[in-house]
Amino acid sequence: MLDLITCILPVDHQTELGKTLKTLRSTGVIAQIILVGEVQFMVDGFDILKMAGSNILSTVFLQDVSPKIKTQFTLFYTKTLPLDLAQNSLFRMMQVSQSSGAGIVYSDYFEQKNGVVKPHPVIEYQDGSLRDDFDFGSLMLFRTDALVSAVGRMNEQFEMAALYDLRLKVSQNYKLLHLPELLYTELELDTRASGEKLFDYVDPRNIFKQREMERACTSHLKVIGAWLPPLFREIMFSDDDFDLEASVVIPVRNRVKTISDAITSVLSQKTEFDFNLIVVDNYSTDGTTELIKAFVKSDKRIIHLIPKRKDLGIGGCWNEAINHAQCGKFAIQLDSDDLYIDNGVIQNIVDEFYKQNCAMVVGSYQMVNFKLELIPPGIIDHKEWTPENGRNNALRINGLGAPRAFYTPVIREIQVPNVSYGEDYAIGLAICRHFQIGRIYNPLYLCRRWDENSDSSLDISVMNSHNFYKDKIRSLELWARQQMVSAGN
């Protein structure tokens, strides 16, 4: 298996490149190195091709470089920081690609962060792994014939989304194989906590990149028969079997520090119709229950539910609320950490259901700290959603935004998965398969980020579990849509 790999890597500093070249040289399987970027120095010991001025993320680069690759495999290393390969790592990746027929092989790795080296496992690739930020690590081994075939089918030009487009096209004909072995060590300079990274994809500075990613994903969905046109079921809103127009739903467990603010912001709402507040108290033990009971004594609009079951996640608590006899025609979300931005939110949301003829309304929110002071990235408005393509782009992005509100007959028909992460995303995908989702781009609530948020600082195993579940939800939705398209519905 000697001289079977062409390695493509971006460059910027000679010192960093030297360390990576040393570890590549030691493998004995590298035939050629393709350096991408402004290379101002000499490199010895390899067959070197320098592609100055090229952008590894662009379609033009992939179209230029693919005819130059003569080896059986192509290795992409996407970082410019030092790479250290484990024993026989590239041999192992080639071996499993040959035996499995996989078009791409990627692996677990060690991550060096702040001087500490820890294992960094990644997750299995699924049909629904459509996120453009799916974590392959920085090392991906392609079968060259799979790469060349995919590049040959690239009919759109991208500046930032070409590698995303490439792996989507490879996945149309080949397996993407995760090898659960720690095959290399990479240096990680992004030391932010998980909660800080969470909103990178809605940062307005990334809008050009996001638009490109959407185009690439949309093209992929069309090829695999999962793209849906902007045709939606009409809603008549004629179900009169509701005593109230709206209910606010707050699932809560152990939020004694914030639940009073949340409840107060609901009770202060001004509307042209009657509404209530359903607080689903999931066996709190920190004094939350007592606070809710005190509010109930002073305001009859509050329904304090303590479920009979003790195995409910957030989704299960939502089912308790939407199936309650006193739930209103529209069920409106508020998390127990957060509060509405003013006293017109409920009226605004209900008005939009009728204006936009939708089964779900998604608003926008402002990020604040515990003291309700504005913090970066500020307003989260999910403008990547469009009426024309939002239902398709929803399969790529990592969430639909908040606050969320539902036409109760529709959410009752679907029911919410009984989990505590991703349940909102799952129900949103299921709804937009058939119905329009309305959008409000003005901020409607203040979203607190503090140490007790469930996603403020997650261990890699928890993050992987969350991402695997969301990818599974995408897979289920993708298959459902493929059946719709196949049946002509």
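Colleague: Which residues of α10 are buried?

Modeller: They are Gly 315, Gly 316, Cys 317, Trp 318, Asn 319, Ala 321 and Ile 322. "Buried" stands for under 20% relative accessible area, "exposed" for over 50%, and "partly exposed" for what falls in between, with a 1.4 Å probe and protein chains only. Keep in mind that this is a predicted model, where local features need pLDDT of at least 70, side-chain atom pairs count only at pLDDT 80 or more, and totals for chains, interfaces and linings use all residues. Residues are numbered from 1 along each chain as its sequence is written, and side-chain values use heavy atoms, with hydrogens and water left out.

Colleague: Why is helix α10 called largely enclosed by the rest of the structure?

Modeller: Seven of its nine residues (314-322) are buried, so α10 gets that description. Helices (H or I, at least four residues) and strands (E, at least two) are DSSP runs, numbered from the N terminus.

Colleague: What makes Cys 447 count as buried?

Modeller: Its relative accessibility is 9%, and the limit is under 20%, so Cys 447 counts as buried. Cys 447 sits in strand β18 (residues 437-448). Beyond its neighbours within four places in sequence, Cys 447 is in contact (heavy atoms within 4.5 Å) with Asp 338, Tyr 365, Gln 366, Met 367 and Val 368. From Cys 447 to Asn 369 it is 78 residues in sequence, yet 8.1 Å in space, C-alpha to C-alpha.

Colleague: And why is Ile 48 called partly exposed?

Modeller: Ile 48 has a relative accessible area of 21%, which falls between 20% and 50%, so partly exposed is the right label. Ile 48 belongs to strand β3 (residues 47-51).

Colleague: How many aromatic pairs does a search of the whole structure find?

Modeller: The search turns up 15. Rings of Phe, Tyr and Trp (its six-membered ring) pair if their centres lie within 6.5 Å; planes under 30 degrees apart are stacked, over 60 edge-to-face, and the rest tilted.

Colleague: How do you know that Phe 76 and Phe 142 form an aromatic pair, and of which kind?

Modeller: Their centres are 5.3 Å apart and their planes meet at 65°. Those values lie within 6.5 Å and over 60 degrees, so the pair is edge-to-face. Phe 76 lies in strand β4 (residues 73-77) and Phe 142 in strand β8 (residues 139-143), so the pair ties together parts 66 residues apart in sequence. Phe 76 and Phe 142 are both buried.

Colleague: What makes the pair of Tyr 106 and Phe 136 edge-to-face?

Modeller: The ring centres are 5.0 Å apart and the planes are at 80°, so this pair is edge-to-face. Tyr 106 is in strand β6 (residues 104-113), while Phe 136 is in the loop between β7 (116-120) and β8. Tyr 106 is buried, as is Phe 136.

Colleague: What lies over the face of Phe 370, and at what distance from the ring centre?

Modeller: Arg 448 does, at 4.8 Å. The rule asks for NZ of Lys or CZ of Arg within 6 Å of the ring centre and within 35 degrees of the ring normal. Similarly, the charged end of Lys 470 sits over the ring of Tyr 425, 5.2 Å from its centre.
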